[in-house]
Amino acid sequence: ICLTCFERALSLVDEGNVADIWYNISHVAIGVGDLRMAYQALKNAISADHNHAESYNNLGVLELKRGGIDTETAADQARSNFQSANKLSQFLFEPAFNGGLLAFKCGEFQEAYNLTKRALEIYPDHTD
């Protein structure tokens with residue numbers, strides 16, 4: 001039933017919110033465990049709106065899920081997505097937090113500190 005609703009939403013969409021619909025579809029795909037569909041939905045969201053910071057952030061998370069930090073390509077792609085999200089949005093703490101966590105796991109402690117500090121400046125009550 002969800003996919004039917006999203007198909008209807010996509011058929012009625014205007015260009016201003018198509019990226020948000022694809023972003024929401026990615027959440028449904030993640031919820032049912034279809035990471036390939038989620039990945040493609042996030043790519044579609046970014047192609048519809050190159051400034052969709054939330055999609056870049058979640059794409060970075062999926063890159064890490066697919067390849068892990070041990071895979072240099074996956075870690076580099078995830079880092080690039082987190083950096084893009086950080087540049088595009090001054091109000092999201094998640095890209096800074098995720099980038100900081102990645103940097104910490106890769107042994108880049110100064111970068112981890114800087115990004116964690118930025119995440120806490122945006123959202124001081126974050127506890128992870």
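**Entry 1: helix 2**

I started just past helix 2, where Gly 33 follows with a positive phi, near 85°. Helices here are DSSP runs of H or I with at least four residues, numbered from the N terminus. Note to self: this is a predicted model, where local features need pLDDT of at least 70 and side-chain atom pairs count only at pLDDT 80 or more, while totals for chains, interfaces and linings use all residues. Residues are numbered from 1 along each chain as its sequence is written, and side-chain values use heavy atoms, with hydrogens and water left out.

Next I checked the span of helix 2. Its 14 residues (18–31) reach 20 Å from first C-alpha to last, close to the 20 Å expected at 1.5 Å a residue. The expected span is 1.5 Å times one less than the number of residues.

Which residues of helix 2 are buried? I found Val 18, Ala 19, Ile 21, Tyr 23, Ile 25, Ser 26 and Ala 29. Buried means under 20% relative accessible area, exposed means over 50%, and partly exposed is in between (1.4 Å probe, protein chains only).

**Entry 2: the nonpolar core**

I looked up the largest nonpolar core and got 12 residues, among them Tyr 23, Ala 29, Tyr 39, Leu 42, Ile 46, Tyr 56 and Leu 92. A nonpolar core is a set of buried Ala, Val, Leu, Ile, Met, Phe, Trp, Tyr and Cys residues joined through side-chain atoms within 4.5 Å. Helix 2, helix 3 and helix 4 are the elements that give two or more residues to this core. My textbook reminder: in soluble globular proteins, nonpolar side chains tend to be buried together.

I then picked Tyr 56 from the core. What does Tyr 56 touch, leaving out residues up to four places away in sequence? I listed Ile 46, His 50, Asn 81, Ser 84, Ala 85 and Leu 88. Contact means heavy atoms within 4.5 Å.

Tyr 39 has a charged visitor: Arg 66 lies over the face of its ring, 4.0 Å from the ring centre. The rule is NZ of Lys or CZ of Arg within 6 Å of the ring centre and within 35 degrees of the ring normal.

**Entry 3: helix 3**

I found Ser 47 in helix 3 (residues 35–48), and Ser 47 counts as exposed at 51% relative accessibility. Gln 40 is in helix 3 too, but Gln 40 counts as partly exposed at 44%. From Gln 40 I went to Gln 110, 70 residues along in sequence and 33 Å away in space, C-alpha to C-alpha.

**Entry 4: helix 6**

Helix 6 (residues 94–105) has 12 residues, which should span 16 Å at 1.5 Å a residue, and its end C-alpha atoms are indeed 16 Å apart. Its buried residues include Pro 95, Phe 97, Gly 99 and Leu 102. What covers them includes helix 4, helix 5 and helix 7 (109–122). After helix 6 comes Gly 107 with a positive phi, near 80°.

**Entry 5: aromatic pairs**

How many aromatic pairs does the whole structure hold? I found two. Rings of Phe, Tyr and Trp (its six-membered ring) pair if their centres lie within 6.5 Å; planes under 30 degrees apart are stacked, over 60 edge-to-face, and the rest tilted.

Phe 93 and Tyr 123 make a tilted pair, 4.8 Å centre to centre with 40° between the planes. Phe 93 sits in the loop between helix 5 and helix 6 and Tyr 123 in the segment after helix 7, so the pair ties together parts 30 residues apart in sequence. Phe 93 is buried at 15%, whereas Tyr 123 is partly exposed at 36%.

The rings of Phe 104 and Phe 109 are edge-to-face because their planes meet at 70°, with centres 5.5 Å apart. Both of these Phe residues are exposed.

**Entry 6: salt bridges**

I counted two salt bridges in the structure. The cut-off is a side-chain nitrogen of Lys or Arg within 4 Å of a carboxyl oxygen of Asp or Glu.

Asp 76 bridges to Arg 79, with the closest N and O atoms 3.1 Å apart. Both lie in helix 5, three residues apart, about one turn of the helix. The general reason I noted: an α-helix has 3.6 residues a turn, so residues three or four places apart point the same way.

Arg 79 also meets Glu 108 in a salt bridge at 3.4 Å, N to O. Arg 79 is in helix 5 and Glu 108 in the loop between helix 6 and helix 7, so this pair ties together parts 29 residues apart in sequence. I wrote down that Asp 76, Arg 79 and Glu 108 are linked in a network.
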